[in-house]
Amino acid sequence: MSSSWGNLIHIQIFGESHGGGIGVVLDGLPAGYPIDMDMVLLQMKRRAPGQDLTSTARKESDSPEVLSGMLDGRTTGAPLAALIRNKDTRSGDYKNLMKLPRPSHADYTGHVRYSGFNDVRGGGHFSGRLTAPLVFAGAVCRQILLCHGIHIGSHIRAIAGKEDTPLDPVTVDAVQLDELSQQFFALVDPKAEDAMRLEVEKARLDCDSVGGIIECAAVGLPAGIGSPMFDGMENRIASLVMGIPAVRGIEFGTGFAAASMRGSEHNDAFVPGDGQVRTLSNHHGGVIGGITSGMPLLFRTAFKPTASIAKPQQTIDLTSGKQATLVIKGRHDPCIVPRALPVVEGAAAIAILDAMMELGKIPPYEGGRNHDA
Ligand SMILES: Cc1cc2nc3c(=O)[nH]c(=O)nc-3n(C[C@H](O)[C@H](O)[C@H](O)COP(=O)(O)O)c2cc1C
Ligand SMILES: C=C(O[C@@H]1CC(C(=O)O)=C[C@@H](OP(=O)(O)O)[C@H]1O)C(=O)O
């Protein structure tokens, strides 16, 4: 399976939802950077299952065991490997799904692609659970970026059509993003929470699910990071974000709405700023020609409603080829969005760090260690 990514930072994610564990190997990290494990654990906790009624009831502590690549709280430059054990598996819930694939989950396509040998339990390697190691990798990368003044945060832009106030693409700053990136149900306007939760709860009680949108931003990024065509900043972020299970789309800046604007409306006028060129508006979302402009980088990600719902559904019996009725048992997120916030932020951090390293913008920590000093 193809679960490796990166040019300079290379990540390899392994494991299955109901196997012994899941994990990540992060290769190519710069040496000497301090990693605060409490900050890593905070991000792991934001994503962990079993939080509240918006999430699956499966309980996992998601504490990563760091096997290599760190010494005395700093990166050593060797591959950083982390293992997260699976504990609360209930594989009996998946017995009928071996032959009755869930509509909109990967049971059927996985069955065809891997000749029926794929592990369906808990979604196997397709599971949202595999985003735990992605969050670990992202939490490490974002701390390296923080040493260079780059801050990343996100909020729930919408759930089931109930909207939060958008981030201001021009004035969004480090303080706002740092605050958002510590919260579970992160919102710009906390008043939006009740209406969103109500939609999730209504869907849950209806044996159904809902989707939503996450808006993510990064500030402090210098201008000039990225490349044209196939290696642009958008391409790199999108390739990781689209790898997050249940993601259906991503748009940068004004995104699809740009299609119905005039050039005179959409163009962002250049103005002199504090020692750097800025733009008056930020429809471009911080990236032009695949290269960062120095303005806040901003994108939105659409999540579909969770596939596994408790309502009876129509499917095919893979053994007989006949139509069948499926009733899914088990513990599922009625809405994936709240737990996906640190996943999206982590994906952005990995992509940005990789792009910066490629241009030699991430030096060894403080120029390296002098053991004689
Ligand atoms: C954090 C997270 C939790 C998820 N939880 C569930 C879940 O409980 N039930 C489910 O059917 N899908 C869940 N998903 C989504 C599925 O894993 C995903 O829809 C499936 O693997 C098919 O992939 P695709 O939607 O990207 O095509 C979750 C995804 C994420 C990111
Ligand atoms: C375990 C997690 O989420 C799981 C993601 C998931 C899926 O199909 O993606 C299905 C459920 O698995 P299970 O049936 O084993 O409870 C979720 O609980 C996690 O995010 O850590």
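Modeller: Before we start, a word on classes: Ala, Val, Leu, Ile, Met, Phe, Trp, Tyr, Cys and Pro count as nonpolar, Asp, Glu, Lys and Arg as charged, and the others, Gly among them, as polar. This is a predicted model, where local features need pLDDT of at least 70, side-chain atom pairs count only at pLDDT 80 or more, and totals for chains, interfaces and linings use all residues. Residues are numbered from 1 along each chain as its sequence is written, while chains are lettered from A and ligands numbered from 1 in the order in which they are written.

Colleague: Thanks! What makes up the shell around ligand 2, by class?

Modeller: That shell has 3 nonpolar, 9 polar and 5 charged residues. The shell around ligand 1 divides into 9 nonpolar, 9 polar and 3 charged.

Colleague: Why is His 125 called buried or exposed?

Modeller: A residue is buried if 20 or more other C-beta atoms, placed from the backbone, lie within 10 Å of its own, exposed if 12 or fewer, and partly exposed in between. His 125 has 21 within 10 Å, so His 125 is buried.

Colleague: And what makes Ser 308 count as buried?

Modeller: Ser 308 has 22 C-beta neighbours inside 10 Å, so the buried label applies there.

Colleague: Which residues does Ser 308 touch, leaving out those up to four places away in sequence?

Modeller: Arg 102, His 105, Ile 328, Gly 330 and His 332; contact requires C-beta atoms, placed from the backbone, within 7 Å.

Note on methods. Contact = placed C-beta atoms within 7 Å.
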